[in-house]
Amino acid sequence: SSGGLRPSDEYIHGLVKEANDRFRLNEKKLIALEEEVRSNLFQSQVSLSSSSSPSLSSSSSSSPSPQSGDTVERSTSNKSFHMRGSPLPDLNLWGHSAVCVPTGEISHSDDAEIIVFGGYGAGPAIVDVSSQKQKQQQKQHETQKRTMHCARSNKVFSLKRRDKIWDECWKELKQKEVSNENVEEMQHFGLKLQHVSFSAREGHSSCILPLDKLKFSSDLDQIAPLVATFGGRAGPSRPNNDLLLMIPSRCYQDTISFFTPIDVQGNCPSPRWGHSFTALSGIGGRVGVVVGGRDEKNVLDSIHVLSCFCEANSSGLQKKYFQWDRIDVLKSIPRFHHSAVLASSSEEGKDDQDEIIIFGGMRSLNLFHDTFDSEDTTSSSLVITLRKNHSCSVESINSNDASLSVFGGAAFFVSSNGR
């Protein structure tokens, strides 16, 4: 058709050409973005160096990540470190917490149990994989889980290792029903607890409290491991500051119970998620430390130490209780989604100190942190890609040396051309 408001043919041809040119340009940008993501997020960029500052890799030619079961070797100076990884059944969760509890006797000292609490996602496949047909059912179930509805979880899962062989699938541990008035005293350590339920949450943190290392525990023959979980959030703006306790040895017929201590003194950390909760040495009564995190408005820089004390009352009976204390640290930095690990501790009566290493994390929605040592904030011996939602551990080599291992996480990268 023709008319005064109709653009000319030349204009329409030019408009189509311009649209096609922009489409091709956007396609090239998408391809370049995909290459950056593949080369920077899905390939190993970890290196050890004696440099004093962290660096970011801007090259897309890093070596590929080792496959499951391969041995990873890293060397610095004249020392070599060897690590071998083996795949475990898929968990299909993130934002959860986990602990590894020794379960073996002296003759089976390698036996252990991984216990996972809460998190966000669809969760692992819970099937019996004793036959080939059931293994196929598990694979189909895993495929279906990719399209299942994900949500915050109140479930607890367990994976055991017996005779150096891990189970082939996760097992769900059921929670014991909570009555309205059920106060139970933990007879093996004298802490008064109230039976509670573990509510759905993510962004919390768990550790095994070193009750056996406390000075007043020497008169006890054996203390069962006590797992403590702190904080997390039930929704986007619903953080909590619950301190929940669980005794793995009291798991009966795959049923567990959660408790909260009745006598807790001091200033409890404010509700938060994305923090770290790290077990300490037990020296001076210190059993755990909560570092950082965030709430619905702010990123937090606070550090709170959880201690367990014992004192005699007027009747001469011993009373055991927990106490929170906020401590001031030089150059304390707000951060969340970091990791922390106990690096070393002094013997009772000497320096009476615990040293923790706090690694990575975020101080805002788009700023990543480097390594931070609680004893020395001025130097670092690591050159590693900045990251969040990772984990780290320290392995002692001798009385003076140790190895820090960092696993996984979401990495921050800057491309070579500044995109």
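Here is a friendly exchange on strands, salt bridges, a cavity and a pocket in this structure.

Student: Before we start, which pLDDT do local features need?

Tutor: Glad you asked: residues are numbered from 1 along each chain as its sequence is written, and side-chain values use heavy atoms, with hydrogens and water left out. This is a predicted model, in which totals for chains, interfaces and linings use all residues, side-chain atom pairs count only at pLDDT 80 or more, and local features need pLDDT of at least 70.

Student: In the open sheet of three strands with antiparallel pairing, what is the order?

Tutor: Strands here are DSSP runs of E with at least two residues, and helices are runs of H or I with at least four, both numbered from the N terminus. Two strands pair if DSSP finds at least two bridges between them. The open sheet has three strands, paired antiparallel, in the order 4-7-8.

Student: Why is one side of strand 4 and of strand 8 left without a neighbour in the sheet?

Tutor: Strands of a sheet pair through backbone hydrogen bonds, either parallel or antiparallel. Strand 4 (93–94) and strand 8 (151–152) each have a single partner strand, so one side of each has no neighbour, because both stand at the edges.

Student: Which residue in strand 7 does tryptophan 94 stand opposite?

Tutor: Strand 4 pairs with strand 7 (residues 120–121) in the antiparallel sense, over two bridges. The residue in strand 7 opposite tryptophan 94 is tyrosine 120.

Student: How many salt bridges does the structure hold?

Tutor: The rule asks for a side-chain nitrogen of Lys or Arg within 4 Å of a carboxyl oxygen of Asp or Glu. By that rule, the number of salt bridges is 14.

Student: Which residue meets arginine 24 in a salt bridge at 3.3 Å?

Tutor: Arginine 24 counts as partly exposed at 46% relative accessibility; on this scale buried means under 20% relative accessible area, exposed over 50%, and partly exposed in between (1.4 Å probe, protein chains only). Its partner is three residues apart from it in helix 1 (residues 9–41), which means a separation of about one helical turn. That partner, at 3.3 Å from N to O, is aspartate 21.

Student: Is glutamate 202, which meets arginine 152 in a salt bridge, buried or exposed?

Tutor: The side chains of glutamate 202 and arginine 152 meet at 3.5 Å, N to O. This pair links distant parts of the chain, with glutamate 202 in the loop between strand 13 (191–196) and strand 14 (205–209) and arginine 152 in strand 8, 50 residues apart. Arginine 152 is partly exposed at 25% relative accessibility. Glutamate 202, at 1%, counts as buried.

Student: What is the phi of lysine 164, about which I hear that it is positive?

Tutor: Lysine 164 lies in the loop between strand 9 and strand 10, and at 63% relative accessibility it counts as exposed. Aspartate 163 is in the loop between strand 9 (156–162) and strand 10 (165–166), and has a positive phi of about 50° although it is not a glycine. Lysine 164 is not a glycine either, and its positive phi is about 70°.

Student: What is the volume of the largest cavity?

Tutor: Take a 1 Å grid over the protein atoms alone: a cavity is a set of points where a 1.4 Å probe fits but cannot get out, a pocket is an open set with protein on both sides within 12 Å along at least five of seven lines, and lining residues have an atom within 4 Å of a point. Points are joined across faces, edges and corners, and a volume is the space filled by probe spheres set on them. There are two cavities of 30 Å³ or more. The largest has a volume of about 70 Å³.

Student: Which residue in strand 22 stands opposite valine 291?

Tutor: Valine 291 is among the residues closest to the centre of the largest cavity, which 12 residues line. Strand 21 (residues 286–291) and strand 22 (residues 303–312) pair in the antiparallel sense over five bridges. Opposite valine 291 stands isoleucine 303.

Student: Which element gives the most to the lining of the second largest pocket?

Tutor: That pocket has a volume of about 470 Å³. The elements giving two or more residues to its lining are strand 5 (97–102), strand 6 (112–117) and strand 9. With three residues, the one that gives the most is strand 9.
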